[in-house]
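Morning, everyone. Let me put the model up, and then we'll go through it.

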Protein chains: 2
Amino acid sequence: MAKQTATNITWHAGTVSRGEREKMLGQRGAVVWLTGLSGSGKSTVAVAAERALVDRGHAAYVLDGDNIRHGLNKNLGFSPEDRTENIRRIGEVAKLMSDAGLIVFTSFISPYRSDRDAVRALLKEGEFIEVYVSASLDTCEGRDVKGLYKKARAGQIPEFTGISAPYEAPERPELVVHTDRQTVEESVAQVVGYLEAKGYLSPASGA
Amino acid sequence: MAKQTATNITWHAGTVSRGEREKMLGQRGAVVWLTGLSGSGKSTVAVAAERALVDRGHAAYVLDGDNIRHGLNKNLGFSPEDRTENIRRIGEVAKLMSDAGLIVFTSFISPYRSDRDAVRALLKEGEFIEVYVSASLDTCEGRDVKGLYKKARAGQIPEFTGISAPYEAPERPELVVHTDRQTVEESVAQVVGYLEAKGYLSPASGA
């Protein structure tokens with residue numbers, strides 16, 4: 001990678017590589033992209049998986065509406081263009097954090113396949129782990145923890161995913177967790193088991 | 001922090017705190033914001049400081065033009081509004097990485113005091129460490145590693161900081177490194193020494 005050099009080119013031989021960061025952290029940086037309807041359980045699974053990883057000594061982080069929509073993306077609305085830009089920026093931030101060696105969980109409805117595929121394309125092979133958090137619309141609407149479905153049905157929220165805007169389920173996600181027929185613990189075990197089995201929880205060989 | 005909950009509220013008691021992440025990493029998340037003229041040595045100092053920290057087992061990361069301008073901020077130009085938005089986004093990303101427990105070095109000219117102060121305001125007390133990478137315009141122009149000053153003098157780069165656009169030096173930076181009269185090693189020792197002395201290289205007590 002070409003660096004903005006200044007006084008002393010020899011320092012650049014000393015640039016820390018991704019592999020070194022991963023070795024130091026004892027893991028491989030990755031983006032675990034949770035997608036699903038509002039109320040499907042994305043944040044619950046993300047937060048619980050982060051907890052499980054940190055308890056095992058891994059460096060993980062959750063990007064969600066709370067820390068993104070009020071910060072980096074607070075100047076974006078909900079137009080189609082802004083939704084796409086929202087997901088693009090989240091993808092770029094997740095890429096930087098993954099490059100820093102972190103295991104990043106992203107918890108966003110991200111209803112459009114093209115937006116998710118664009119994030120996948122940003123990352124290197126195996127760095128993007130798409131997790132479809134699957135629960136039927138009936139189940140999600142039945143939970144309605146934040147009362148959003150009720151508002152959407154009343155026409156108070158335009159273009160609400162699943163009600164008045166489409167949700168495009170992943171066609172070939174790395175993982176599907178069925179939150180309507182398994183416990184949070186089971187979903188987390190599935191995610192962490194995948195990370196373990198695929199070698200994300202130890203540094204890449206040769207790093 | 002209010003979380004987007006779904007199925008199981010009890011999991012939220014398990015949300016990983018910043019303090020826990022910092023304890024696990026053995027450090028305090030922080031943003032070391034390097035500001036200075038083109039050619040002042042910001043990236044050289046950032047990359048060498050990252051190296052020094054990683055060699056000591058710390059998790060650090062450099063945000064610079066290479067990983068930001070071609071990624072997150074590739075849809076921004078160089079108008080005053082876009083420059084401000086550029087720095088704002090970098091500040092928000094640095095904030096997320098710092099919240100994840102990393103020590104983040106940012107290497108951008110960031111010529112405007114108001115833009116830097118806006119980033120400081122995003123962060124909590126002590127989380128923003130402004131480092132003025134100081135070298136005279138003559139020195140920077142004399143180095144001109146990338147030939148940018150020559151182009152700017154020839155009128156080929158409009159609004160080039162120091163030539164045709166202002167640079168507002170920090171008034172009360174946490175640190176000043178004088179790259180025109182000390183070696184890279186000395187500058188790095190100064191930065192790392194500051195982090196050490198202020199306790200950033202061990203987790204906050206009570207975390």
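Confidence first. Chain A of this predicted model has a mean pLDDT of 91 (the predictor's confidence in each residue, from 0 to 100). In chain A, 92% of residues reach 70 or more. Over residues 1-13 of chain A, though, the pLDDT is below 50. Where pLDDT is low, the predicted coordinates should not be read in detail. For the complex, the predictor gives an ipTM of 0.91 and a pTM of 0.92.

Housekeeping. Local features need pLDDT of at least 70, side-chain atom pairs count only at pLDDT 80 or more, and totals for chains, interfaces and linings use all residues. Residues are numbered from 1 along each chain as written, with chains lettered from A and ligands numbered from 1 in written order.

Now chain B. Five strands (DSSP E runs of at least two residues, numbered from the N terminus) form an open sheet. The order is S2-S3-S1-S4-S5, and the pairing is parallel (strands pair if DSSP finds at least two bridges between them). At the edges sit S2 (60-64) and S5 (175-178) of chain B. The twist averages 20° from one strand to the next (angles run from 0 to 180 degrees between N-to-C directions, axes being lines fitted to C-alpha atoms, for helices over the stretch in contact).

Look at S1 (residues 30-35) and S3 (residues 103-107) of chain B. They pair over five bridges. Leu34(B) stands opposite Ser107(B) in S3(B).

Back to chain A. Helices H4 (residues 80-99) and H5 (residues 113-122) of chain A (DSSP H or I runs of at least four residues) pack at about 25°, axes 9 Å apart. H4(A) and H5(A) are therefore roughly parallel (angles under 35 degrees).

Conventions. Parallel < 35°, antiparallel > 145°, perpendicular 65-115°, else oblique. Contact = placed C-beta atoms within 7 Å.
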